[in-house]
Structures are given as structure tokens and as C-alpha cells.
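Trainee: I'd like to go through this one with you, charges to begin with.
Mentor: Sure, put it up.

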Amino acid sequence: YMRLLSRGFLERFKGRVINIHPALLPSFPGVHGAADAVAYGVKISGVTVHFVEEIMDSGPVIIQAAVPCIPGQSPDELQARIHKQEHRIYPQAIQWLAQKRISIAADGRMVHLAPGRAVPAQPESGVLVYPPLEEGF
């Protein structure tokens with residue numbers, strides 16, 4: 001929604017509100033994750049699905065996909081490659097949440113994924129996803 005949610009809303013739905021961000025958090029929070037990564041000159045960028053907290057892009061990480069930054073590529077080109085991974089990892093995170101397989105540890109930072117029966121998916125060449133996607137994603 002590109003909006004910060006209120007404390008009351010987040011408390012009411014604690015551990016059930018997730019978001020996707022076009023960077024490997026905690027690096028490059030905010031609206032221009034891919035452009036910021038290109039401007040900074042990083043070698044690897046990516047996408048993060050995380051739990052939402054009051055502070056923007058600061059919640060515990062559920063899953064990330066790392067995407068290599070190709071020298072000379074524009075922010076739009078990197079964003080398109082990141083966007084492709086968003087379509088893979090966000091549905092996976094939603095499935096894990098619906099299956100009640102993810103939980104936030106007592107420290108409030110670490111996210112644990114309970115084992116499932118799904119078969120790991122074949123990774124896409126040049127992209128690292130962790131935790132690994134399951135078949136169908």
C-alpha cells in the first residue's frame with residue numbers, strides 16, 4: 001500500500017502482516033531499493049519478504065532472493081530482474097504463513113520455518129533463494 005501502518009493495527013494482527021521489498025534488507029530500505037543498489041555499486045541485490053513492523057522495512061526476514069547486479073545495467077533493468085523473483089518468493093511466503101509454518105523467535109528477529117512435506121524446487125540459474133522455494137514456486 002506504500003503506507004506505514006498504525007501501531008494498533010500491527011498489534012492487532014501481530015505476526016500476520018507481511019511485505020515485499022525490492023532489496024536485500026536491511027540494505028536499501030525505502031521506495032527506491034533497486035535504484036539505490038545500482039547507485040551504490042553493489043554486486044548483489046535482490047528481494048526480501050518480511051514481517052511488517054512500525055519502522056519501515058525493518059521487520060524480521062522470512063525469505064530472500066539474491067540477484068546479481070550486472071555491470072552497466074540500469075536501475076529499471078535490475079528492478080525487472082528483481083520483480084521476477086518477487087513473483088516467486090511472495091506466494092511462497094504467503095503459503096508458509098497460511099500453513100502456519102513460519103514463526104518469529106522470542107528474540108523478535110529470527111524467523112523459523114517448520115519443515116513441510118513439499119519437494120524443494122529447482123533453483124533458477126544465477127539466483128539464490130533462502131529458505132529454498134518448494135515445488136510449484
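**Charged pairs**

Mentor: Glu124 is partly exposed, with a relative accessible area of 25%. For the terms, buried is under 20%, exposed is over 50% and partly exposed is in between, using a 1.4 Å probe and protein chains only. Keep in mind that this is a predicted model, where local features need pLDDT of at least 70 and side-chain atom pairs count only at pLDDT 80 or more, while totals for chains, interfaces and linings use all residues. Residues are numbered from 1 along each chain as its sequence is written, and side-chain values use heavy atoms, without hydrogens or water.

Trainee: OK, and which residue forms a salt bridge with Lys84?

Mentor: Glu124 does, with the closest N and O atoms 3.3 Å apart. A salt bridge here is a side-chain nitrogen of Lys or Arg within 4 Å of a carboxyl oxygen of Asp or Glu.

Trainee: Where do those two lie?

Mentor: Lys84 is in helix H3 (residues 75-98) and Glu124 is in the loop between E5 and E6, so the pair ties together parts 40 residues apart in sequence. Helices (H or I, at least four residues) and strands (E, at least two) are DSSP runs numbered from the N terminus.

Trainee: What else does Glu124 form a salt bridge with?

Mentor: Arg88, where the closest N and O atoms are 3.6 Å apart. Arg88 sits in helix H3, 36 residues from Glu124. Shared partners join Lys84, Arg88 and Glu124 into one network.

Trainee: Is Arg88 buried or exposed?

Mentor: Buried, at a relative accessible area of 14%, whereas Lys84 is partly exposed at 48%.

Trainee: How many salt bridges does the count come to?

Mentor: 5 salt bridges. One of them is Arg109 with Glu53, whose closest N and O atoms are 3.8 Å apart. That pair links distant parts of the chain: Arg109 is in the loop between strand E4 (102-104) and strand E5 (111-113), and Glu53 is in the loop between E2 and E3, 56 residues apart.

Trainee: Switching to Asp57. What's the nearest side chain of opposite charge?

Mentor: Arg109 again, but 11 Å away; Asp57 is buried and has no salt bridge. For charge, Lys and Arg count as positive and Asp and Glu as negative, leaving out His and the chain ends.

Trainee: Which side chain shares a polar contact with Asp57, then?

Mentor: His21, at 3.3 Å. The Asp57 side chain also reaches the backbone nitrogen of Gly30 at 2.8 Å. A polar contact is a pair of N or O atoms within 3.5 Å; within protein, one must be able to donate a hydrogen and the other to accept it, and residues adjacent in sequence count only if both atoms are side-chain atoms.

Trainee: And where is Asp57 placed?

Mentor: In the loop between strand E2 (44-51) and strand E3 (61-68).

Trainee: How do E2 and E3 run?

Mentor: Antiparallel, joined by 7 bridges, with Val47 opposite Ala65 in E3. E3 is also antiparallel to strand E6 (residues 128-130), through 3 bridges. Strands pair if DSSP finds at least two bridges between them.

Trainee: Last topic: how many aromatic pairs does a search of the whole structure find?

Mentor: 1 aromatic pair. The ring centres of Phe28 and Tyr40 are 5.7 Å apart with planes at 65°, so the pair is edge-to-face. Rings of Phe, Tyr and Trp (its six-membered ring) pair if their centres lie within 6.5 Å; planes under 30 degrees apart are stacked, over 60 edge-to-face and the rest tilted.

Trainee: Is Tyr40 buried or exposed?

Mentor: Exposed, at a relative accessible area of 66%.
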